[in-house]
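Here are some notes for a colleague who is opening this structure for the first time. They are set out as numbered points, to be read with the structure in view.

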Amino acid sequence: MKLYDNEIYMEDVRYVCGLDLPWNRLQDKSIMLSGATGLIGSFFVDVILEKNLADGLNCTVYTLGRSEEKAKKRFGKFDGNPYFVFIPNDVRLPLVCDDVKTMDYVLHLASNTHPMLYATDPIGTIETNIIGVQNLLKFAVEHKSTRFLFASSNEIYGENRSDVELFDEDYCGYINCNTLRAAYPESKRCGEALCQAYKAQTGLDVAIARLTRSYGPTMMMSDTKAVSQFMKNGIASEDIVLKSAGTQYYSYTYMADAVSGLLWILLAGESGEAYNIADEESDVMLKDLAAIIAKINGKKVVYEKPGVVEAAGYSKATKARLDGSKLKKLGWIPQYDIQTGMERTIRILKSLQ
């Protein structure tokens, strides 16, 4: 069964389309996004194109990606759709679109987002999060964009100093920059600083979304994050493999809530502000997350020691729970707690086997 044939998935798409957002700001406008085939980006594209179909939004989506074959496979449903445009591009290279004069909104969602890539491609991780941001910021300025949105990460907070339970947007914890693993959080921090520099120096309107550990049926099977590996075990009817004591306490977000949060920030957020997309109902210890997924699939949790390369990509943060109250004040209301989100994800993924 294809993703678009799955009623649960389309229910998620229609749910976001039906939110009481200021959609009029996208009426007859254009959006460009990097990372369009990723977990978050692909669902975002589906939402906008469904909103076009359902309510005549007439918003053109320009998707950037290194692989046209991958984009065609993911978005084949929209072949011939005048509101869907694919542009082959590696965001680490300057973006040239001679036939595009104005781009109303630009979103930078592309990034290496899982441990194995942090360990094996730290250069690519840094370049995407810094050079990629710079290239798209310059593009946004040159094309008179209404707003630039940077998808940052909970990892910019570093390690919890044991002084707070939840990280608000002003919190700053310790990151050892002289390590391989620092490639991801430090480059995300620098990406945010670049956004503020462009706002101050060019007048570009910028906003920053700090995503938590996101999950959903649009995840890549090659993703090496713990939650993705648990899912992979689950849909294969295997025991859930936990490669630590599992006491890490993190915030998680289901893809539909992550994208609804992005839309609230894009359309209603204050210029220059950063917002956590997080809800306490989806905070969970890693061992308990493993147990939830094991129970859904009728399996058990087993422990295994990680390989050296794999371990090198792991975060050193043992507690990273985010305070989402600032975004909720804009109007964002999360729909899915961790149990519900996991159940939906697994049901959809199993239907695709």
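1. A residue is called buried here when its relative accessible area is under 20%. The model is a predicted one, and by that cut-off F78, with a relative accessible area of 7%, is buried. F84, at 15% relative accessibility, counts as buried too.

2. These two residues also form an aromatic pair, with their ring centres 6.1 Å apart and an angle of 35° between the planes, an arrangement that is classed as tilted. F78 and F84 belong to one aromatic cluster, whose other members are Y4, Y9, F43 and F75.

3. Across the whole structure, a search finds 11 aromatic pairs. One of them joins Y15 and Y336, and because the ring centres are 5.9 Å apart while the planes stand at 80°, this pair is edge-to-face. Y15 belongs to helix 1 (residues 7-17), whereas Y336 lies in the loop between helix 11 (325-328) and helix 12 (338-351), so the pair ties together parts that are 321 residues apart in sequence. Y336 is buried, its relative accessible area being 7%.

4. Aromatic rings also meet charged groups in this model: the charged end of R161 sits over the ring of Y171, at 4.4 Å from the ring centre, and the charged end of K326 sits over the ring of Y275, at 4.8 Å from its centre.

5. How are the strands of the open sheet ordered? The sheet has 7 strands, which follow the order 3-2-1-4-5-6-10 with parallel pairing. Strand 3 (84-88) and strand 10 stand at the edges and have a single partner strand each, so one side of each is left without a neighbour in the sheet. On average, and with direction ignored, neighbouring strands of this sheet are turned by 20° against each other.

6. Within this sheet, strand 1 (residues 30-34) pairs with strand 4 (residues 105-108) in the parallel sense, over 4 bridges, and L33 stands opposite L107 in strand 4. Helix 2 (residues 39-55) lies across strand 1, strand 2 (60-65), strand 3 and strand 4, and runs at about 165° to strand 1. Helix 8 (residues 255-268) also packs on the sheet, where it touches strand 4, strand 5, strand 6 and strand 10, and its direction makes about 160° with that of strand 10.

7. Why can strand 6 be described as largely enclosed by the rest of the structure? In strand 6 (residues 206-211), 6 of the 6 residues are buried, so the strand is largely enclosed by the rest of the structure. In a regular strand the side chains alternate between the two faces of the sheet. Both faces of strand 6 are covered, with V206, I208 and R210 buried on one side and A207, A209 and L211 buried on the other.

8. Strand 6 has a partner in strand 5 (residues 147-153), to which it is joined by 6 bridges and with which it runs parallel; F150 stands opposite I208 in strand 6. Between these strands the chain passes from strand 5 through helix 6 (residues 183-202) to strand 6, in a β-α-β crossover that is right-handed. Strand 6 also pairs with strand 10 (residues 274-277), in the parallel sense and over 4 bridges, and the bridge partner of L211 in strand 10 is I277.

Technical notes. Residues numbered from 1 in each chain as written. Predicted model: local features only at pLDDT ≥ 70, side-chain atom pairs only at ≥ 80, totals over all residues. Heavy atoms only, no water. Phe/Tyr/Trp six-rings, centres within 6.5 Å; stacked < 30°, edge-to-face > 60°. Helix = DSSP H or I, 4+ residues; strand = E, 2+ residues; numbered from the N terminus. Buried < 20%, exposed > 50% of the residue type's maximum accessible area, 1.4 Å probe, protein only. Lys NZ or Arg CZ within 6 Å of the ring centre and 35° of its normal. Pairing = 2+ DSSP bridges. Right-handed = clockwise from strand over helix to strand, strands pointing away. Axes fitted to C-alpha atoms, helices over the stretch in contact; angles between N-to-C directions. Contact = heavy atoms within 4.5 Å.
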